[in-house]
Amino acid sequence: MKKLIFSAALVLSLGLAGCGEDKPKEEPGKEDTKTPVSAEQNVQKEESKTDDNEVKEGPLTKAGQWTMDGQDKVTLVKIKEVNQTYKQGPTNLTIESVKLLHHSNVADKTKEYLKNASGKDVTELNTIQVVYKVENTVDDNVMMMAIDTLTTDTKAQIHSYDNLASSDDTGSYAGQVIVEGMAIFPYFNGTLEDINTIFINTGMTLNSDAGTRLGDSQRIEIAL
């Protein structure tokens, strides 16, 4: 166990100090057998620094790309650029993109929330991210739940109240506005690679003041 811990610490040290440290090569005896291992690990560390899949600024746009969010490594598993508008009464719902993301070390705050909300103890987490916008094309105030439930071809059903993201979309729209929204849903039904299709089920569009129905809910199918 000490040998493994020492090796990990050595890799970190070499990553910070660069290639100028030659002392391990001068140590005699059995330490010589350790040098190739440390050198190999150092190469892997150096390669990870220049990993073309690492994104330090901006969004993840291709499967396999990853970024660090604090201590959490977030990897894009699948992506679908949808950019399609679905009319529902006086409202237009545009789904811009869907991303399937793996989080290797979620923050303590997220762990606590999921424990309280779903009873799940997690360290790693899979999520489904949907970016969208809603347009109200009339002068009246309207209400609509852009994503009432989200289901998958793996038989998962996720409700709007499971959304982990904060956005400007409250489901209420003044006259003649466009509101951008984002939803991030936890996914507990296996690996993300198994998901090939998601279904977004919207809520009805209603007149906010009269409560009258202006548009029926719909089921939007998105192949990944």
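This is a short tour of a predicted model, moving from its confidence values to one sheet and then to two places where a charge meets a ring.

Begin by colouring the whole chain by pLDDT, which averages 84, with 78% of the residues scoring at least 70. Then select residues 1–26, where the pLDDT is below 50, and where the model nevertheless has 15 contacts beyond near neighbours in sequence. Where pLDDT is low, the predicted coordinates should not be read in detail.

Next, select the strands β7, β6, β10 and β13, which in that order make up an open sheet of four strands with antiparallel pairing. At the edges you will find β7 (157–159) and β13 (219–223), and because each has a single partner strand, one side of each is left without a neighbour in the sheet. If you look along the sheet, you can follow a twist that averages 20° from one strand to the next.

Now keep only residues 149–152, which are strand β6, and residues 197–201, which are strand β10, and you will see an antiparallel pair joined over four bridges. Which residue of β10 is the bridge partner of Thr 151? Show Phe 199 beside Thr 151, since Phe 199 is that partner.

Stay with Phe 199 and add the side chain of Arg 219, whose charged end sits over the Phe 199 ring at 3.9 Å from the ring centre. For another charge over a ring, select Lys 120 and Phe 188, where Lys 120 lies over the face of Phe 188, 5.3 Å from the ring centre.

To finish, you might look for aromatic rings paired with one another, although a search of the whole structure finds zero aromatic pairs.

Conventions. Residues numbered from 1 in each chain as written. Predicted model: local features only at pLDDT ≥ 70, side-chain atom pairs only at ≥ 80, totals over all residues. Heavy atoms only, no water. pLDDT = per-residue confidence, 0-100. Contact = heavy atoms within 4.5 Å. Phe/Tyr/Trp six-rings, centres within 6.5 Å; stacked < 30°, edge-to-face > 60°. Lys NZ or Arg CZ within 6 Å of the ring centre and 35° of its normal. Pairing = 2+ DSSP bridges. Helix = DSSP H or I, 4+ residues; strand = E, 2+ residues; numbered from the N terminus. Axes fitted to C-alpha atoms, helices over the stretch in contact; angles between N-to-C directions.
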